[in-house]
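Please open the model in the viewer and display the chains in separate colours. The tour below proceeds by selection, one region after another.

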Amino acid sequence: MTTLLERPEGVAPAQPPAGTPPGPPAQKPRSWRSRLLSEGALPTWLFLIGYVILGGVLDFHYRIWAQDAVARQANGFSVLFSRDPHLGAIGFVWNPLPSVTTIPFLLFRGVFPGLVTNNFAGSLASAVCMAGAVWQFRATLQEWGVSRPARLVMTLCFAANPMILYYAANGMSEALYLFTLLGTTRYLIRWLRTGSLGSLVYAATWLAFGYLARDETVGSAVLAAGVVLCVGWSRARGRGWGRVMTALSDCAIFLLPVATAFVGWAVISWVVVGQPFQQFSSKYGNASLVASGASEVGVRNVTLTQRLLFEAKALVAFSPFLAVLAVVALVVAARFRDTRFLAPVTVLGGALAFSMVSYAGGQTFGYFRYYIAALPLGILLVASLIGAMEDRQAPAGDGSRWPIMVGSAAVAVLLVAPSLVSTGAGMFNPAVGGVEAAELGTVFQAHPSAADEVYAHRYGTVRAFAATIDRLHLPDGSIVVDNAQPCLSNFIMNVKNPKVFVIPNDRDYQRVLGDPFVFHARYVLDPNPRQIPSASDTVAQLYPGIFDTGGGFTALAHNFPAGGGCPQYHLLQVTGIPPSAVG
Amino acid sequence: MRVARMNEAEERIRLEASVSGLAERAPLVSARALLTPAQRIGLIGLAALLVICGILDLKATAIAVVAVFTAFYLVAVVYRFALFALSAKTESTIRISDEEARAFPDSELPTYTLLIPAYKEPEVISLLLHNIGVMEYPPDLVEVMVLVEADDTRTLEAIRSKEPDDRFQLVLVPPAEPRTKPKALNYGLTLARGELVAVYDVEDEPDPLQLRRAAVAFSTQPPQVGCLQAKLSYDNPAQNIITKWFTIEYTMWFSFFLPGLASAHAPIPLGGTSNHFRRDVLRRMGAWDPFNVTEDADLGIRMYREGIGVRILESVTFEEANSDFVNWTRQRSRWLKGYLQTFLIHFRQPVRLYRDLGWRGLLHFAVFVGGTPLLALANPAFWFMTVLWFVAYPSFIREIFPAPVYYAGLLCFTFGNFVMAYLTVVASRTVDEGRYLVPALLIPLYWIMMSMAAVKAFWQIVFTPTLWEKTFHGLGRTTAAEHAPPGAAGQR
């Protein structure tokens, strides 16, 4: 045999000589400028700026504040600045993430008080989240292989839709809801395409954040988990039990984060307030608000047919061709055996289905915004058709692609642009966008009705309240109040020292409410029970009739008249020990 | 089979180089002494400071300690998730397909030396000969050095009786302290002639194309890449729940964390086997530290400090997972102890370490090498406090967890534990097509085992330094023994 380890003469050594360029060329890190101007970043930050400006105009010029947005910001505010700052003050009636996202902005209250008083922190949070949604949306289109012109047209139609503009600017949770749903969709599409576990993990993570934003995500989780199970099973090698276990593993990876968020939130809620699902069981939750006939969009006297009709109108407003698109996209996907189609249908469609079933079943209100997922769903169905068409006509990299690209951009304009008009029409039709029409009435109506004027007067009411409280120069913990009542979040965030209030999120609320006299609360603030949902006021529950009679231990100190959509309030001075606390 | 022969003088010189080479070349990175005088004073000073602070204000001291650990937990959790995210980057692992590996012309392949230390494990010798025998590499370009202690007669007998072919070379390591695997490797390295050097354990079952893949991979990498780490896995995962956990853990390690570290250009603690080196690089840096019980991890850190690149190679070597609880604990406590040892050694010159590693590298080193044993040790204390809190609501826990620490702690407890368990489930999906979902969901039990091993490791370092000396004998060599079937393990 040849001598071991002796290289035959004349053979080059295997190692590259010094100076040889190493392997594949290292990717040059992109400069900040090229990153900012990239196709992914540019629409995101341009729309971010637009949304922030819009939010500023709404909050400071028109002073239009969406009530749920104010309440969510108030929860974030309680965590930081209430009498008893603690994380539990985030509240458990709503899922926590929308309130949490306002906290980073609220920290700058000292620099810019308008963040708190005019709800601008909430607007900034929703603007950032909606810009995030735009970013996810464009990336999803790219994931689908839609060519650039069509991609940009569709992104623009999504980001500039009137409902998207309004909900990016007003601080509501819709922005975070869409951000997380689109994140889930994007990575689920990638998993369906590549089968990479990392994508499934990202999809699962976005889904979990989605649940922490909105309950509707449960619908997405259920339907999409079914897809993961089936696709996982069909891809698994082997047979029998092993194949089932593979599919179950995929499903576990997809569901574990959202299941943990679900259980974790319930457990924390249970530990802190004694109820695992306050959003359903609490008297502030939608279910009980609906039952008590609250709100302008109550469902008590509405028949099932009327509810279904409303839902159909809402869907058409967001996506005029949704039904047709769904059928065509299903046929095309089945024809080309493209499973990616299932991602938006289950994730966005699942959340949508949850809303629809909830309203049809009388569990929640008929709010136009609850159907907002129909907008990206409709556009993504168009994207699935365009993607399939472009794939068949000219594979990527083909030089003769441009006529196809122009064609697909035209198709996008034709099928997607009408939603800009239909959504706008729905928004200002009181029978569809009841809340939006009312809130934006003063802005867009040439001759606003009395109902439109209500919102315009809100600011005056809030300022008058804050000025009265400020004049009293009260020490911390002086006024017991259930701040879930209308306008109170606005009131509290506008006074100079919000710590004068004892609110349900404070850990000693029940104790102080039970005996305000002994625990040094000087006043009780209570709304007129005839102007609010009857069962939702914990003060009136403990002291029935306190608004009118003083409950035997308080005397009327100040009357705040109703106005600007706020009910009448009585500030009642505590004069003694409540009869119920004696003995 | 050939036998390396030399006279006594030559043997002594080689032995001296294997034992004291590193300690003389760079005494400050050698583990010959665990602590330098300055370190000893520093650690005693720290302990004294804690005691004095505790006497002055017990509550504040407890809060500070809890806060530091909580912060460390938070960093560690975020860090591990970041490594997972980074591991998905394609460039972190070098992949050479079967076709590429075979198509590479034989004439351009480098010469290779395989170093295989064997200590008191005659039972697996035939396995070794078979597994190495089937590796695809031109026989005239490879030499396989089986490193056996000269007084280990049973292993010697076993090898001689099998009459291996001429690719194999028997190297008799002169019996001398310390009887560790790294010393044997160093000794072998003094004789190695291959341009590339690889390390395997006796019972390893490497991918037959691994040498070719490594050679091709090296040819595509710049000269400063001095080491390739192949992935390790186990061939007996189904044996019992410990082997299942162990396999899932290895998958996390080699599929997520090490590629993540490679992506982040961070120091990579090597695994004990299936490392491939450029021989000249290895020699230049003093090779293995014969006094370090995790010489592999230490070598990875030293390579990083000297600017030598380490990459992960997509090629699997199968080992035999430790299926016995006692053996597992013994092995794990040694690993954790070794990590701690490595951590202390490199922190002897913190400023120099900072200069070598940069702040990022320092973070990687502190969290990955220091954090692994420290947090495994701290876990039981925090679990205990959590259980106590929910069961009895003792007031002292409320006092040492002021709001910010409490919320950070709560986040660690919920989010942190979830992330670690979840990554385990994800890793289990890549093992055997996801059949280990149930063991993955039970992984907290494995964490408890890990903490028990950590307590043992710390106990040995802190309270019984003499036992440290005793365990030193042949510690490195026990790796192989512990991997061997139960019959072999008992012979140590």
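This tour of a predicted model visits the contact between two chains and then a contact between two domains.

**Chain B against chain A**

Begin by selecting the residues at the contact, 37 from chain B and 35 from chain A. The two chains bury about 3,300 Å² between them, and carbon and sulfur atoms give 66% of that area. On the chain B side, select B:Tyr422, B:Arg429 and B:Glu433, which lose the most area to chain A and together make up 19% of what that side buries.

Next, keep B:Arg429 in view and add A:Asp250: their side chains form a salt bridge, 2.6 Å from N to O. One salt bridge is counted between these chains, along with two residue pairs in polar contact. Colour the chain B elements that each supply at least two residues to this side, among them helix H3 (58-87), strand E4 (142-149) and helix H15 (403-429). The largest share, six residues, comes from H15(B). By residue class, the chain B side comprises 17 nonpolar, nine polar and 11 charged residues.

**Inside chain A**

Now select domain 1 (34-172) and domain 3 (302-394 + 403-438) of chain A. Their C-alpha centres lie 23 Å apart, and 23 residues of domain 1 are in contact with 31 residues of domain 3. About 2,200 Å² is buried between these domains, 79% of it on carbon and sulfur atoms.

Finally, show the side chains of A:Asp68 and A:Arg369, which meet in a salt bridge at 3.2 Å, N to O. Four residue pairs in polar contact are also counted between domain 1 and domain 3 of chain A. On the domain 1 side, H7(A) gives the most, with six residues.

Conventions: Residues numbered from 1 in each chain as written. Chains lettered and ligands numbered in written order. Predicted model: local features only at pLDDT ≥ 70, side-chain atom pairs only at ≥ 80, totals over all residues. Heavy atoms only, no water. Contact = heavy atoms within 4.5 Å. Buried area = accessible area lost by both parts, 1.4 Å probe. Salt bridge = Lys/Arg side-chain N within 4 Å of Asp/Glu carboxyl O. Polar contact = N/O pair within 3.5 Å; in protein donor to acceptor, adjacent residues only side chain to side chain. Helix = DSSP H or I, 4+ residues; strand = E, 2+ residues; numbered from the N terminus. Nonpolar A, V, L, I, M, F, W, Y, C, P; charged D, E, K, R; others polar. Domains from an automatic or database assignment.
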